[in-house]
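Open the model in your viewer and get ready to click along. We will go one selection at a time.

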Amino acid sequence: MKWTNKQYVDLMTYNHPERPMFSELFGPIIGLADEWRSQGATDDMLAMKAFAFDYVPYYNLGNLDAIHRPKEIVLENTDVRYVGIDHFGRKVRMDKRTSTIPLPETFPVETMDDWIKIKHMFAYDPCRISEDEITKAKLLQDQGVLIKSEILGGFDILRELMGEENCCIAFYEDPELVEDILHTISETNIKVLSQISEKITIDQLSVHEDMAGKTAPMIGPNLVSEFIVPYYLQSWEIVKNAGTKLFCQDSDGNMNPVIDAFIQGGINIFYPCEPAGGMDIVALRKKYGHRIAFRGGIDKHIIRRTKEEIKRELLYKMQPCMTEGGIVFGLDHRIPNGTSLENYIYYIRTAREILGLPPFEECAPSWGRMAF
Amino acid sequence: MANEILTEISEKIQKGKTKDIKALVPKALEAGIPAAEILNEGLLDGMNIIGIKFKNNEVFVPEVLIAARAMKAGTDILKPYLVSDQVSAKGKVVLGTVRGDFHDIGKNLVKMMMEGHGLEVIDLGVDVEPAAFVKAAKENGADVIACSALLTTTMAEMKNVVDLCKEEGIRDQVKIMIGGAPITEAYKLEVGADVYTSDAASAAEAAAALFA
Ligand code: B12
């Protein structure tokens with residue numbers, strides 16, 4: 001079912017939602033379509049539409065990303081391999097059989113001088129937001145489309161510019177550089193979000209970090225509080241004062257040690273809550289109550305196992321304390337390879353049954369990515 | 001006196017103070033402390049403590065990296081002395097991320113932690129063919145092959161590494177360790193590997209235990 005922004009905001013703020021939301025956030029991992037085709041999947045199934053997923057259409061307002069980037073240069077592009085120089089001047093490569101995101105092998109920023117050379121890409125520029133765009137967003141919002149703006153991740157952008165290892169070291173050995181990067185970006189965020197908030201209340205502020213692995217986040221609560229929280233708050237305060245209710249963070253992996261710190265930074269939706277990374281939405285609900293909401297939370301690995309295990313996972317994740325709101329139920333990332341179509345259909349059927357939703361076959365086809 | 005310097009070295013390692021380490025290690029040598037003792041009771045002691053704190057989520061990647069950097073500065077100074085004293089690594093590990101997989105942050109931490117336990121690590125990088133693991137293990141007389149995989153689409157390569165070790169007749173000579181986001185104890189049993197751990201500090205402890 002297609003939801004409106006209002007229904008979504010009510011759900012995520014525990015404001016008497018009409019019913020639970022059950023979605024597929026990301027869609028299949030690369031290669032799964034071929035597996036499913038050989039198992040008899042219809043075109044509608046391959047397009048995810050057949051399963052009558054809930055979704056809310058969304059629109060991104062303003063451009064807070066790097067701008068005026070140099071053109072990408074393709075060095076090699078075969079059926080299986082891509083090598084190129086990307087818009088940050090990084091050498092990237094990709095194995096098309098296993099990825100859709102290229103891996104950077106070199107990074108543009110090591111020193112303050114390097115940063116100064118590319119700083120202009122992050123500065124304020126009138127092209128980042130226009131009156132026309134705001135007018136368009138208002139119209140869409142009135143039609144039920146969720147309006148969001150997205151700031152760059154405080155850790156994510158440092159990693160993109162410096163590489164994980166150098167950026168981690170820079171927190172200790174070159175904090176001025178880290179601060180200057182975040183300060184520059186923050187100034188831009190402040191200008192653009194202020195301009196937006198004068199005219200429209202956006203429904204959600206989003207931020208992408210992807211900063212955790214299986215057992216821990218890459219940086220701990222001390223560095224999050226010192227560097228990232230002030231950066232978040234500068235943007236969040238602006239939209240919050242204009243009435244925005246949701247601030248959503250995207251990070252895979254085990255974020256448990258930094259949740260408290262990020263709550264201080266205004267985050268109230270965590271996603272995708274990866275169980276293989278130790279994230280348990282039920283335990284988090286018990287700990288944090290209605291202070292935070294989630295998207296995802298269902299273990300993508302379980303649907304490759306037995307039907308009993310699928311049912312057990314769903315009964316646990318969809319217990320009454322979870323269905324009262326504050327969650328979009330869905331797998332915690334792309335549907336993994338090796339998931340049989342039969343298991344996937346069983347997963348959908350069982351979830352809909354537990355949530356009291358009609359069988360998908362009786363509903364109109366629908367799907368929209370919910371990765372925002 | 002010796003104890004004091006070694007404790008100080010360990011503490012400076014834990015805080016990642018490279019400059020201090022560069023001053024303290026020569027001072028310890030001048031004081032006549034054997035290089036092996038400086039290594040084990042100073043540098044590696046500090047790294048072990050960082051490992052334990054990392055496992056308990058008390059410190060995170062940046063703290064491990066600066067500690068590892070300080071340790072490297074210390075071992076670089078000690079190297080000529082260790083060679084002349086004929087102190088060698090406790091064991092050899094061939095490490096890499098499996099074929100098709102480019103994730104390397106976890107693998108790099110495993111390397112640092114293993115080195116912090118006095119092991120020699122031959123790092124083959126990412127996207128490593130099973131044959132390359134086996135070849136490197138043979139050429140270097142490695143005791144351990146350690147494979148990292150972060151994707152469900154690439155984890156099956158670990159079984160290929162195990163199978164190839166059998167085919168090439170080295171399965172009895174090497175222990176095979178596996179880890180990464182989708183890996184579990186059950187998967188270790190399924191592919192017939194020897195050791196699985198969920199984090200890098202435990203990986204290093206487990207590897208070091210093989211040589212104890
Ligand atoms: C950063 C990241 C990336 C970066 C990698 C950068 C780099 N240089 O490595 C980029 C953006 C390039 C990337 C790409 C992709 N990624 Co990625 N990525 C991640 C992320 C967010 C963090 C991984 C990480 O670095 N963690 C930090 C380290 C410190 O933790 P760790 O890796 O878990 O390692 C620890 C332990 O596992 C253990 N360990 C690790 N190795 C070993 C080895 C041994 C022997 C032992 C004993 C222990 C051990 O010790 C480490 C330290 O304690 C994970 C999320 C996650 N949950 O892991 C997704 C994740 C691994 N990625 C995923 C995906 C899908 C992809 C892509 C396919 C996306 C795409 N559309 O293209 C590509 C694939 C690229 C390829 N072919 O390899 C999925 C995999 C899902 C699946 N079905 O398997 C994950 C799990 C995200 C998710 N929520 O599902 N990714």
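## A walk around the ligand

Start by selecting the ligand and the residues around it: there are 43 of them, and those that come nearest are Thr100(A), Phe102(B), His103(B), Ser148(B) and Thr152(B). Keep in mind as you look that this is a predicted model. Now colour by chain, and you will find the ligand lying between chains A and B.

Next, pick the cobalt atom of the ligand. Which protein residue is its donor? Select His103(B): its NE2 atom, at 2.4 Å, is the only protein donor of the cobalt. Show the cartoon as well, and follow the chain B backbone through this residue. His103(B) sits in a loop, with β1 (92–97) on one side and α5 (105–116) on the other.

Stay in chain B and click on Phe102(B). Here the backbone makes the contact: one of its polar atoms is 2.6 Å from an oxygen atom of the ligand.

Cross over to chain A for two side chains. Select Thr98(A), where a polar side-chain atom lies 3.0 Å from a ligand nitrogen. Then move to Ser99(A), which places a polar side-chain atom 2.9 Å from a nitrogen atom of the ligand.

Now zoom out to the whole shell. In chain B, highlight α5, β3 (144–148), β4 (175–179) and α9 (200–210), each of which supplies at least two shell residues. Which element gives the largest share? That is α5(B), with 4 residues.

For a last view, colour the shell by residue type: you should see 19 nonpolar, 15 polar and 9 charged residues around the ligand.

Methods
Residues are numbered from 1 along each chain as its sequence is written. Chains are lettered from A and ligands numbered from 1 in the order in which they are written. This is a predicted model: local features need pLDDT of at least 70, side-chain atom pairs count only at pLDDT 80 or more; totals for chains, interfaces and linings use all residues. Side-chain values use heavy atoms; hydrogens and water are left out. Donors are N, O and S atoms within 2.8 Å of the metal (3.2 Å for Na, K and Ca); water is not among the atoms, so sites may look incomplete. A residue is near a molecule or strand if one of its heavy atoms lies within 4 Å of it. A polar contact is a pair of N or O atoms within 3.5 Å; within protein, one must be able to donate a hydrogen and the other to accept it, and residues adjacent in sequence count only if both atoms are side-chain atoms. Ala, Val, Leu, Ile, Met, Phe, Trp, Tyr, Cys and Pro count as nonpolar, Asp, Glu, Lys and Arg as charged, and the others, Gly among them, as polar.
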